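This report sets out how a modelled assembly is put together. The sequence and structure are shown first.

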Protein chains: 2
Amino acid sequence: MQSVMTEAVALLDEAGEPALTFRALASRLGTGVGSIYWYVASKDELLDRAADHVMADVLVAVEKLPAAADPIDSMRAIAVALFAAVADRPWLGAYFMRDTGTQPNALKVYELIGQQVQRLDLTRRERFHAASAVIGYVIGIAADLGQQPPQEVVDGTASRDDVLDRWADQWRALDREEFPFLHEIADEFAGHDDAEQFRAGLDLLLAGLRLQSGR
Amino acid sequence: MQSVMTEAVALLDEAGEPALTFRALASRLGTGVGSIYWYVASKDELLDRAADHVMADVLVAVEKLPAAADPIDSMRAIAVALFAAVADRPWLGAYFMRDTGTQPNALKVYELIGQQVQRLDLTRRERFHAASAVIGYVIGIAADLGQQPPQEVVDGTASRDDVLDRWADQWRALDREEFPFLHEIADEFAGHDDAEQFRAGLDLLLAGLRLQSGR
DNA sequence: CTATCGTATAGAACGTCGTTCGATGGTCGA
DNA sequence: TCGACCATCGAACGACGTTCTATACGATAG
């Protein structure tokens, strides 16, 4: 049933993985627990399929991206779109990481980035490493960011900035001699934008790639 | 009790997170389930503390790394050491990601990388982004690699290479027109070395950073 | 010496979860 | 009408995290 997946995604969107239980899903669908097992063999498969379900939408968004003349610009656009998708579906990060080689739509994303890499003047091994690095960076940062936000933020008790501020304060409370770097960037961290941070790192990676490919 | 953490780590090493249950840990320690709660408030804390416990060792290994004249070379060495630690403790990747800003030893690692970044000629924001990118890349790739290996590998039923080969075969079975990149790199993937792949991506990132810092 | 309090241990009990299983309809061709 | 197959359902099972109460040990105070 198609609605099983859409409803599963809805639960994940609302409160992350812990909210997706067979009982909650069944009650949401107005059916029994056992029925879900007719469509899905296990919770792992449920999560995989749910992730793949939304990756299908991400994929069409990525595919309708205007093709850039420069392959590296294209990769950048794909990566940014991918990050955006995970940014507003934090749970997706964790499940993009599982079985990248198994989920059909995740595979296609890998392929899309790889096709851009193929346009660069590199050895086969370099191409393999380049595509893997970009994918790895995107998924890694996205998953990191996708850490289940603290309960207070989910409640609405505190805003994301409040939490960031509190962390920054903790850093500032550390010994200045021992932690000069954390002191220096506490302010940067306090108000930082995840997407900007992601793009900055991505650009470093792509600059290195551009260098390797001889432009 | 110190032995609680060492035994917890032992369980994690043997069979990953699912193996670490309060009952298993209690039986291992020859005590009751309730006793563990005297030292630890929840399973989350147990995992955090276990992760921090091994990070302490990683930290001393990192700190006794020979200081390089070039800050970027230093960062590379730290990152490689960090990756190596996660590589033979796959479960560590997932729990390095949680509460990076909370676990004391993880914080110190962040600081160490940051101190190297501080030696580069960059703006404060660029430094913040650079350190975050490197940390993010390391953790991301490590966590990805730390995906609980398929059951067959844990059993010993199949080797890691067998699993890789099977994936490569799946890729080769795809339509060649639609998936040219996956076809091209199937061979590379089949026998690839995770550490080499990690280093290759890291070098791209660091090359970009070097470029930004004007050497 | 005994009463008391903080430290530490132990395990029964509770609620929730993923999962299994057998029973029950419904539909359709023979 | 009869089975064969698709689909649904919810009780039941075992494992888990967690809570709670009971108990013991040691030091300290009266």
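The sections below treat the model and its conventions, the fold, the symmetry, the protein interface and the DNA contacts.

## Model and conventions

The model is predicted: local features need pLDDT of at least 70, side-chain atom pairs count only at pLDDT 80 or more, and totals for chains, interfaces and linings use all residues. Residues are numbered from 1 along each chain as its sequence is written, chains are lettered from A and ligands numbered from 1 in the order in which they are written, and side-chain values use heavy atoms, with hydrogens and water left out.

## Fold of chain A

Chain A contains 12 helices and 0 strands. Here helices (H or I, at least four residues) and strands (E, at least two) are DSSP runs, numbered from the N terminus. The C-alpha trace of chain A spans about 55 × 50 × 25 Å along its principal axes.

Over all chains, the whole structure holds 28 salt bridges, a salt bridge being a side-chain nitrogen of Lys or Arg within 4 Å of a carboxyl oxygen of Asp or Glu. One of them pairs Asp73(A) with Arg210(A), with the closest N and O atoms 3.4 Å apart. Asp73(A) belongs to helix α5 (residues 71-87) of chain A and Arg210(A) to helix α12 (residues 194-212) of chain A, so the pair ties together parts that are 137 residues apart in sequence.

## Relation between the chains

Two copies of a chain are related by a rotation about an axis and a shift along it. In this model, chain B is superposed on chain A by a rotation of 180 degrees with 0.0 Å of shift along its axis, at an RMSD of 0.1 Å. The two copies are thus related as by a two-fold rotation axis. Gly140(B) has the C-alpha nearest the axis in chain B, at 1.7 Å from it. Superposition is by least squares on the C-alpha atoms of residues with pLDDT of at least 70 in both copies.

## Interface between chain B and chain A

The contact (heavy atoms within 4.5 Å) draws 54 residues from chain B and 53 residues from chain A. About 5,100 Å² is buried between the two chains, 64% of it on carbon and sulfur atoms. Buried area is the accessible area (1.4 Å probe) that two parts lose on being put together, summed over both. On the chain B side, Phe128(B), Phe181(B) and Leu204(B) lose the most area to chain A, together 14% of what that side buries. Of the interface residues of chain B, 98% are also interface residues in chain A, so the copies meet through the same surface.

Between chain B and chain A there are 8 salt bridges. Among them, Glu188(A) pairs with Arg125(B), the closest N and O atoms being 3.0 Å apart. There are also 12 residue pairs in polar contact, both residues at pLDDT 80 or more. A polar contact is a pair of N or O atoms within 3.5 Å; within protein, one must be able to donate a hydrogen and the other to accept it, and residues adjacent in sequence count only if both atoms are side-chain atoms.

The helices α7 (104-118), α8 (124-145), α10 (160-172), α11 (180-190) and α12 (194-212) of chain B each supply at least two residues of the side that touches chain A. The most come from α8(B), with 15 residues. By class, this side of chain B has 25 nonpolar, 16 polar and 13 charged residues. Ala, Val, Leu, Ile, Met, Phe, Trp, Tyr, Cys and Pro count as nonpolar, Asp, Glu, Lys and Arg as charged, and the others, Gly among them, as polar.

## Contacts with DNA strand C

There are 17 residues around DNA strand C, of which Arg23(A), Lys43(A), Thr31(B), Ser35(B) and Tyr39(B) come nearest; a residue is near a strand if one of its heavy atoms lies within 4 Å of it. Of the strand C atoms within 4 Å of the protein, 53% belong to sugar or phosphate and the rest to bases. A polar side-chain atom of Tyr39(B) lies 2.6 Å from a phosphate oxygen of the strand, and for Tyr37(A) the distance from a side-chain N or O atom to a phosphate oxygen is 3.1 Å. Helix α3(B) gives the most to the surface near strand C, with 4 residues.

## Contacts with DNA strand D

Around DNA strand D there are 16 residues, of which Thr31(A), Trp38(A), Tyr39(A), Arg23(B) and Lys43(B) come nearest. A side-chain N or O atom of Tyr39(A) is 2.7 Å from a phosphate oxygen of strand D, and one of Lys43(B) is also 2.7 Å from a phosphate oxygen of that strand. Helix α3(A) gives the most to the surface near strand D, with 4 residues. By class, that surface has 7 nonpolar, 6 polar and 3 charged residues.
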